[in-house]
Amino acid sequence: MVDPEVGDVVHIAGRASVQFAGSRAVILRVTAVCRKPTYEGWCWLTGYVLDRHGDAVERREVFVQRDGLRLLSGRRPAKQVRRPAAGPPPVAARMEANRGVRYPGQAR
């Protein structure tokens, strides 16, 4: 059973809902999963239907059986570790580096 989450790309065919049987199957990039209780094994998904190039062509909200979904892409991208941006050093380090430097107009 696929438990879809935001960012997943799923194939929805007849096993998920009769409205997607045969040539009406779609590939959906999930943008929201409704967490309200529904019938056991069913869920509401909101997302974008993707064409054969992977471009979004239509926004849809669908009611499907989780057992009938097939996950096509990996799960959401892993969380990125934030690294400090390169830039000027913290104020204390700048002050230490400038100790003893005389600036124009500065009293001696």
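## A loop residue and its contacts

In this predicted model, Ser17 makes contact with Phe63 and Val64 once its neighbours within four places in sequence are left aside. The residue belongs to the loop that links β1 (9-12) and β2 (26-33), and its relative accessible area of 10% places Ser17 among the buried residues, because buried means under 20%.

## The chain as a whole

Five strands and one helix make up the regular elements of the chain, and read from the N terminus they follow the order β-β-β-β-β-α. Of the 108 residues, 23% count as buried, and the accessible surface of the chain amounts to about 8,400 Å², with 53% of that surface belonging to carbon and sulfur atoms.

Among contacts in the chain with a separation of 6 or more, 47% are made by residues that stand 24 or more positions apart.

## The open sheet

The five strands are arranged as an open sheet in the order β4-β3-β2-β1-β5, and their pairing is antiparallel. β4 (56-65) and β5 (69-71) each have a single partner strand and stand at the edges, so one side of each is left without a neighbour in the sheet. On average, and with direction ignored, neighbouring strands of this sheet are turned by 40° against each other.

Two of the pairings can be followed through individual residues. β1 and β2 run antiparallel and are joined over four bridges, and in this part of the sheet Val10 stands opposite Leu28 of β2. β2 also pairs with β3 in the antiparallel sense, here over five bridges, and Val30 has Gly47 in β3 as its bridge partner.

## The nonpolar core

Which residues have the most contacts inside the largest nonpolar core? That core has 15 residues, and those with the most contacts inside it are Ile12, Leu28, Leu45, Val62, Val64 and Leu69. The elements that contribute two or more residues are β1, β2, β3 and β4, and β2 gives the most, with four residues. In soluble globular proteins, nonpolar side chains tend to be buried together.

Val62 offers a detailed view of this region, since its contacts can be listed residue by residue: not counting residues up to four places away in sequence, Val62 touches Ile12, Phe20, Leu28, Cys43, Trp44 and Leu45. Ile12, Leu28 and Leu45 appear in that list and are also named with Val62 among the residues with the most contacts inside the core. Val64, another of the residues named for the core, is one of the contacts of Ser17 described at the outset.

## Two residues outside the strands

Is Asp8, in the segment before β1, buried or exposed? Asp8 is buried, with a relative accessible area of 0%, and its side chain reaches the backbone nitrogen of Glu5 at 2.9 Å.

Arg52, by contrast, lies in the loop between β3 (42-50) and β4 and is exposed, with a relative accessible area of 79%, because exposed means over 50%. The C-alpha atom of Arg52 is separated by 8.9 Å from that of Ile27, although the two residues are 25 residues apart along the chain.

Notes
Residues numbered from 1 in each chain as written. Predicted model: local features only at pLDDT ≥ 70, side-chain atom pairs only at ≥ 80, totals over all residues. Heavy atoms only, no water. Buried < 20%, exposed > 50% of the residue type's maximum accessible area, 1.4 Å probe, protein only. Contact = heavy atoms within 4.5 Å. Areas by Shrake-Rupley, 256 points an atom, 1.4 Å probe, with all protein chains shown as cover. Pairing = 2+ DSSP bridges. Axes fitted to C-alpha atoms, helices over the stretch in contact; angles between N-to-C directions. Core = buried A, V, L, I, M, F, W, Y, C linked by side-chain atoms within 4.5 Å. Polar contact = N/O pair within 3.5 Å; in protein donor to acceptor, adjacent residues only side chain to side chain.
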